[in-house]
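Here is a short briefing on one protein model. Keep the sequence and the 3D view open while you read.

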Amino acid sequence: MAQVEATTERVVAADPEKVFDTIADYSGTRAKLLPEHFSEYEVREGGDGEGTLVHWKLQATSKRVRDCLLEVAEPTDGELVEKDRNSSMVTVWRVTPAGEGRSRVVVTTTWDGAGGIGGFFERTFAPKGLGRIYDAILANLAAEVEK
């Protein structure tokens, strides 16, 4: 099995603290940022960053639905890590300054991919599909924090 990785980034016109707080607000703002690929969103513990346990279903393709139960950690300032209890998937959100009143948001998701020909197609196409999903989230994030 090879590791599969999808990375997306965007610069938004808001201070890093505001951007990070918006991403980490699972009980409030976060659900509003998610596009139609997400369903059954539910905060099961916590709700604000570290210690949050959140559930959703992610429909990456018409045939592929992933049931996610994510534990949230904040290992360093400006970094949020979501580890899926149901798979090897880990998503890391990094928010860093990008000039006066601006922030760079980088989201990277990794997981252990399948082997064989199925793994080849997964490594080839899954990062692009997930990238489009995260582009939509980052566009929604920008619209939210740039108000």
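The notes below cover strands, backbone, pocket, surface and salt bridges.

This is a predicted model. Strand 6 pairs with strand 5 and also with strand 7. The largest pocket has a volume of about 340 Å³. Seven salt bridges turn up in a search of the whole structure.

**Strand pairing**

- Strand 5 covers residues 79–84, and strand 6 covers residues 90–97.
- These two strands run antiparallel and share five bridges.
- The link from strand 5 to strand 6 is a hairpin of five residues.
- Strand 7 spans residues 103–112 and pairs with strand 6, again in the antiparallel sense, over eight bridges.
- Val 92 of strand 6 is a good residue to follow across the strands: Val 81 stands opposite it, and Thr 108 in strand 7 is its bridge partner.
- As background, side chains in a regular strand alternate between the two faces of the sheet.

**Backbone points to check**

- Gly 99 sits in the hairpin of strand 6 and strand 7 and has a positive phi near 100°.
- That hairpin places five residues between its strands.
- Glu 40 also shows a positive phi, about 55°, although it is not a glycine.
- Glu 40 belongs to strand 2, which runs over residues 38–45.

**The largest pocket**

- The lining of this pocket consists of 13 residues.
- Closest to the pocket centre are Ala 60, Thr 61, Arg 64, Trp 111 and Ala 126.
- Helix 3 supplies the largest share of the lining, with six residues.
- By type, the lining has eight nonpolar, two polar and three charged residues.

**Nonpolar surface patch**

- Ile 117, Phe 121 and Phe 125 together make a nonpolar patch on the surface.
- The area of the patch is about 340 Å².
- Phe 125 is placed in helix 3, which covers residues 116–145.

**Salt bridges**

- Which residue forms a salt bridge with Arg 104? The partner is Glu 9, and the closest N and O atoms are 2.9 Å apart.
- Arg 104 is in strand 7 and Glu 9 is in strand 1 (residues 3–12), so this pair ties together parts that lie 95 residues apart in sequence.

Notes: Residues numbered from 1 in each chain as written. Predicted model: local features only at pLDDT ≥ 70, side-chain atom pairs only at ≥ 80, totals over all residues. Heavy atoms only, no water. Patch = residues over 30% accessible without salt bridge, like charges linked within 9 Å, V, L, I, M, F, W, Y side chains within 5 Å. Areas by Shrake-Rupley, 256 points an atom, 1.4 Å probe, with all protein chains shown as cover. Salt bridge = Lys/Arg side-chain N within 4 Å of Asp/Glu carboxyl O. Helix = DSSP H or I, 4+ residues; strand = E, 2+ residues; numbered from the N terminus. Pairing = 2+ DSSP bridges. 1 Å grid on protein atoms, 1.4 Å probe; cavity = no way out; pocket = protein on both sides within 12 Å on 5 of 7 lines; lining within 4 Å. Points joined across faces, edges and corners; volume = space filled by probe spheres on them. Nonpolar A, V, L, I, M, F, W, Y, C, P; charged D, E, K, R; others polar.
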